[in-house]
Every structure is written in structure tokens, then in C-alpha cells.
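Open the structure in your viewer and keep the sequence panel visible. The stops below give selections to make, one after another.

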Amino acid sequence: MPSSTVLLPPHHYLNDGYGIKSWLLTRDHKRIALLYLAAITFFFVIGGLFAVMIRLELATPVGDLVSDETYNKLFTMHGIVMVFFFLIPSIPATLGNFLVPLMIGAKDLAFPKLNLASWYIYILGGLFTLYAMVTGGVDTGWTFYAPFSTVASTTAVIPTALGIFITGFSSILTGLNFIVTIHRMRAPGMTWFRMPLFLWSMYATSLIMVLGTPVLAITILLVAAERLFSFGFFNPALGGDPVLFQHLFWFYSHPAVYIMVLPAMGVVSEIVAAFCRKPVFGYNFVAFSSMAIAVLGFLVWGHHMFVAGESVYSALIFSVLSFLVAIPSAVKVFNWTATMYKGSISWQTPMLYALGFIGLFTIGGLTGLFLASVGLDVHVTDTYFVVAHFHYIMVGGAIMGYMGGLHYWWPKISGRLYNEYLARIAAVIIFVGFNLTFFPQFILGYLGMPRRYHAYPPEFQVLNVLSSAGASILGIGYLIPLLYLLWSLRYGKLAGSNPWGATGLEWTTTSPPPTENFHEVPIVTEGAYSYPSRVESQVA
Amino acid sequence: MPEAVHHSDALAHQFDSLEQQKEAATLGMWVFLVTEILFFGGLFLTYAVYRNWYPDAFEAGSHAMLIWAGTTNTAVLITSSLTMALAVHAAQTGRRGALMLFLVLTMILGTVFLGIKAFEYYTEFTEHHVPGAGFHLEGPEFYHAQLFFSLYFVMTGIHAAHMIIGLGIMAVMLWWSWKGVITKDYYNPIEVSGLYWHFVDIIWIFLFPLLYLIGRHAH
């Protein structure tokens, strides 16, 4: 790469106006993506600090660092911040916002003002939740199970619930914007089956956001209303049903897992193709598997209630439906693997994260099958096995994908390259730290250590210390990219429009792109991932 | 053709043509209405579960509703849907006066609905039908009827909130019509607002029988 000849474009979205107003009133999807990036990084740090406190407490068997009440608040707020304020918006609101118009060859999303509004709504919801935190926190678990949340808890449930209610609308508006944009704004020649697979995953994710989030919104509103007034929707003393709350809650919150992991799958498809220099194997299957996951994801919520008095028959059906999700998930894993087969693989940072995703997601997914089996689930319900399982999906899957995507598109976002050497080291540190943190938790859970307690029997200490040690390594791993990515903004080498030699419309425009994305409307004449075959590239 | 309409002030920069803009806005509103269906869906599910568990209490609750108020409100809202549809037609045919008249009529009918609703709430309040320590209802189903009234207040309350938002939208549409933003070539905001208004009406069309009619004559 002759970087000496690479110049920054004279006009790009980052120098199109300076000053705070040009950012806070922007309608440019790329700037809004960066606003989101800053906001979710802030919440990631907050959520991470809660995790630090949790792991410090669990380094010793006795509850010595914090009281049991404080511990309840710590894991609750860790969950709420990480799920609703980091993981749900992570890839869609940042990379999705930045890339959806670029990838389809549009000037912006269909509704730029709505896009900015969604960021402000997110911030407003975040402020409510932060307010709840500083005024004493909340101790219901991120799941808000009734009747504890509606009758018993004395903590700041209402402001937290309102914060989540409000933030939900930012999610709905983002999903709505993506759906309309993908339907109506594609450049000439950009047919559905020429779209990069990232867009299929964004589309599937948007469907879940639009269909699932309102159900959470009404549920959380009912919880708040029940606390405020003497409504008895979920209060058995008044004839209400706590399990109805669980049904409503998981109708959103199980699909929400796919809001977190589907975008990461889209990122991995892009990275695997670019760093193997091959089209993704079985494009149609990978595209439809995203849709299948979105649809099936709505039919499995009952597997969260195997021990909540669900009938044997519904447990059986929810169990079978949960197994079915494994099929489209496995299609993806096999197709990525098949893409790598005989590909020209280069081991750059995004590819390391993609490989990390594939391995960790596979472990997370397979242990999900354990939990979908009624008998085994009864054994490990509410143990650290469950905690380990969903962290493999959410951290090992979603955050690995997010980090991979951030590195892959960073040159496009910033126009500059990060330090590849440091980045690879950080990727390896994160992978090692992650496994050391969460693998022992599978064993702990299987041995019977329950979740959500600040003290535990002494025989579990060795595994807990391993987990806490892993968490500190993981924490350092996350800190390094924060530093070198910020450093690269000023001192990084200029990237040029296509540093990876990748296909896709986003790589045909300058880095950083101009405000209107393309100087001329691109015309698409071929499918995604048209990398030259091995024979072609040898002839050339 | 896109060249010809490029000069229109109504065309946002991200679109190539007014037609594309119109299609996008319409699809956006439909997607939004789907989220609304799921939002209310949670309430309808809750209603279905408890009606199934406590049919007698729900019948007693329905009995205590002001049937004349609910019926009048249904007629008022259906009429407002008619005036809304006429407003869209007036916008399409470029008759500004008629458009503004029908928007004002729609808003008046919406306000009448909310006024009657407020009167109903006042009546429920004075008759001790508000769930809580002061709740009272004649008959043996006293206790679980609280669930009926909880649902009644939440469902109609959220519906009323949608009506108030609808009135706000109509006020903006009226202002735009008055300023001349809405033209024969650019009437899409009226049409999309109309979709929302009709949707809120349809929610009421489901609420009315569920809360006022079903089981009313069981006793």
C-alpha cells in the first residue's frame, strides 16, 4: 500500500462544519453514528465498572466488599446498562447507522431527523436510568420480575423502568428507519440479493426491534403503573399473574438476544469474505438464515419459564422450537467455515475478532441447546451455567462482532489506520481474558453455584478467582483499543478509500466519505463479494 | 422526471423524487402502526387472560360502564374518521379551504371524544370504581373486578394519550395547510397523519365491545 501517495479528501463529513452545534444538530447518519458511538462507549464503561465490582466481591467466598443489598443493585445495574444501553444499540446504532446508506448507495437514511431524534431519545432514557442509579439504584435484576418489582422492592424501579421505556423508542425508530431505507433507498441495480449480508442482518434485526420492543414498552409501563396505582396485573394478591409478566417480558427479551447477535453475524459475514478474498459460501442461505433467526426468535420465549409453572406440553413445544434456532445459526457457522476453506486468509485484526466470534458463538449456542432441554435446564436454572451461556453469546458473540466491525470499518469512519500490531495483541488479550472469565462459570454453574448471590461456599473459590482474574485481563483488553483508536484519529496513517481491498459500495467512496456519501449515484452491476477467483487472480 | 421535481421545496435532500419520498413516508407510517399494534397487543393479551379467568367479574365491570357515553364516543370517532378521509381527499384535489375545514372538524370531534372520556373518568371516580383501597362495586365479583377497572383505565388511558398526540399532529397539519406547505403535489403529510388517525379509531373499535358490550346482558 503506497501510503505516501494517499491524501485525505478535501471535503468529507468530518470537516463539513465544526463546533458543537454542527454535531448536536446534524442530520448526517455518519455523524449520528459517531454520537451513538460516544454515548454507548460511556455506558459500556459504566456497565463495566459494575462488572468490576461484582468480580471483586466474588473473589472471596464471604460477602465482604459490599452488602448483599448493594450486590443486588450492582448486578441489576450491570445488566440494565449493558443490555439496554450498550448491547441493543451497539452495532445497529453505530455501524448500522454509518453503513446502511453507504452500503446501498444512498445519500442518507430515509428519515434523517428521526434518526437524530432517536439519539436524543436514547440520551433521555439514559439520563433517567443514570438518575435512578445515583438516587440509590435498583435491585430487581434486569428482568424486573413481578411481584418483587411491583410490590416489594423499595428501590428506584419507576425511573429505571421509564428510562428503559423511553430508550425503547430510540430502538424502534432506528429499526423503522432501516426497514424503510432498505426497502426504498437502494441505488439503481442494488437488488435484494446483491445486498451485502450485513444489510440482511440489519433488516432482520430491525424487524425484531420494531415488533418486539413495543411489547417490552407496554410491559414496563404496566410495572410502573402497578407501582404507582393499585393495579394488580401481576400481583397474585389481587388476582393478577406474575407469570404473565414473564411471558410479556421474554416475548421481547428473548428476541432481544438476536438484536444483539444478528448484527454481529452480519459483521462477521463481511469480514470473513474480505479477509478470505472469497464470496460468502451459500449467500442465499446466510441471508435467509438471518430472517429465520428473526422469525424463530419470536417463538421460543417460553424456555425462560420451564421452572415457573409452565405446563409440560408448552415446555415441550418451547423446547423443540428453541432447538430449531440452532439450524439457521449452524448454517451461518458452517457457511463461514466453508468460505474460509481454500480462501486466501489474512490474519488481520478484524479477522481475529471474526474467528473469535465464530468459536465463542458456537460454544454459547451449543450450551443454549443444553438450556433448551427441559430436564437439564431444571438442573442448571439460575446457576452460573446460565450466566456463562449468555455471556458467551452477548460478550463472546455480540461484542466480538462489534469490535471486529469497529476495526474493519474504522479506516472508513476516521480515514486513518490504527496500529495493527497493538490491535492484534488486544484482540488476543480480549479472547484469552474472555475465556478465562466465563469458562470457569460453566463449571461453577454445573457444580451448583447459584447466580445473584454475593457469597458462596469456599469450595467454589478457585474457579471464582480464575474468573475474576480473567475479568481483569478482559478489562485491560478493552482499554487498549480505546487508546489506540483515539490515538489513530490524529496520528494514524491515512487509510485511502479501500485499505483492505474489499468489495462493497462503502469502499468505493473516499475515507472519510463526503457528507452526501457518493459524488455520483453509484450503479450496481454485480452481486456482493465479487472477489476474483483463485485462477483469475493468478492469471492477473 | 426526477429533474423536473428537483426544484420542489418539499423534496428532502436524501430522496431522488417526490414519489420515492412519498413511498418512504407511507411505508414508515405503516411500520410504525405495526409497532403500535404490538404495543396495544400486550394489553389485549392481558385482557384476554383475565377475562378468561374471571368472566363474572368482567361482566360485572362491563355492566358498570356508561354505555351511552361509550356508544356516543364510538359514533363521534367513526365520524371523525370520515372527516379525516374527506380532508385527505380535499388535499389530493388541492382544495385548501375544504382541507382546513375538515381538519378542524376532525379536531373538534377528537376533542368531543376526549371530553366525554373525561366525564366518564370523573363518573368512575365518584362511583369508587378506581382500583385501590376505596374501590367499590356492587355484587359478589367486587374483588376481581378491580382487574377489569385496572385494564379499563390503562387501555382507555393509553388510547386517550394517542388521541391527544393525534390532535397535536392535526394542529401541525392545519398550520401547514394554512401556510400553503400542503399542495396538490405534496399532500403526503395529510395522508400519513390520516393513517395514524384511522389507526387510533380502530383501536377504539376494539376497546368499545371488549370493555362495554361483551357479557353486558349476562346477568
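The tour takes one chain, then an interface, then a helix pair, a core and a single residue.

**Stop 1: chain B.** The model is predicted. Select chain B and colour by secondary structure: there are seven helices and zero strands, so the pattern along the sequence reads α-α-α-α-α-α-α. The C-alpha trace of chain B spans about 70 × 30 × 30 Å along its principal axes. Of its 219 residues, 39% count as buried. Among contacts in chain B between residues at least 6 apart in sequence, 74% join residues at least 24 apart.

**Stop 2: where chain B meets chain A.** Show both chains. The contact takes 32 residues from chain A and 28 residues from chain B. On the chain B side, select α2 (18-53) and α6 (145-179), the elements that give two or more residues to it. α2(B) supplies the largest share, 17 residues. Sorted by class, this side of chain B has 14 nonpolar, 12 polar and two charged residues.

**Stop 3: two helices of chain A.** Select residues 197-228 of chain A for helix α8, and residues 283-296 for helix α10. Their axes lie 8 Å apart, at an angle of about 10°. Angles under 35 degrees count as roughly parallel, and α8(A) and α10(A) are therefore roughly parallel to each other. The crossing of α8(A) past α10(A) is right-handed. To see the contact, display side chains of L197(A), W200(A), S201(A), A204(A), L207(A) and I208(A) on α8(A). On α10(A), display Y283(A), V286(A), A287(A), S290(A), M291(A), I293(A) and A294(A). These residues divide into 11 nonpolar, two polar and no charged.

**Stop 4: the largest nonpolar core.** Which residues touch the most other members of this core? Select L199(A), A264(A) and V268(A), which do so among its 227 residues. Helix α9 of chain A, residues 242-276, gives the most to the core, with 23 residues. Now centre on L199(A): leaving aside residues up to four places away in sequence, L199(A) touches V100(A), M103(A), I104(A) and I182(A).

**Stop 5: F334(A).** Select helix α11 of chain A, residues 312-340, and find F334(A) within it. Is F334(A) buried or exposed? F334(A) is partly exposed, because 14 other C-beta atoms lie within 10 Å, and a residue needs 20 or more to be buried and 12 or fewer to be exposed. Finally, draw a C-alpha to C-alpha distance from F334(A) to V286(A), a residue already displayed on α10(A). The two are 48 residues apart in sequence and 9.7 Å apart in space.

Definitions and conventions
Residues are numbered from 1 along each chain as its sequence is written. Chains are lettered from A and ligands numbered from 1 in the order in which they are written. This is a predicted model: local features need pLDDT of at least 70, side-chain atom pairs count only at pLDDT 80 or more; totals for chains, interfaces and linings use all residues. Two residues are in contact if their C-beta atoms, placed from the backbone, lie within 7 Å. Helices (H or I, at least four residues) and strands (E, at least two) are DSSP runs, numbered from the N terminus. Ala, Val, Leu, Ile, Met, Phe, Trp, Tyr, Cys and Pro count as nonpolar, Asp, Glu, Lys and Arg as charged, and the others, Gly among them, as polar. A nonpolar core is a set of buried Ala, Val, Leu, Ile, Met, Phe, Trp, Tyr and Cys residues joined through C-beta atoms within 7 Å. Axes are lines fitted to C-alpha atoms, for helices over the stretch in contact, and angles run from 0 to 180 degrees between N-to-C directions. Angles under 35 degrees count as roughly parallel, over 145 as roughly antiparallel, 65 to 115 as roughly perpendicular and the rest as oblique. A crossing is left-handed if the near helix is turned anticlockwise from the far one by less than a right angle, and right-handed if clockwise.
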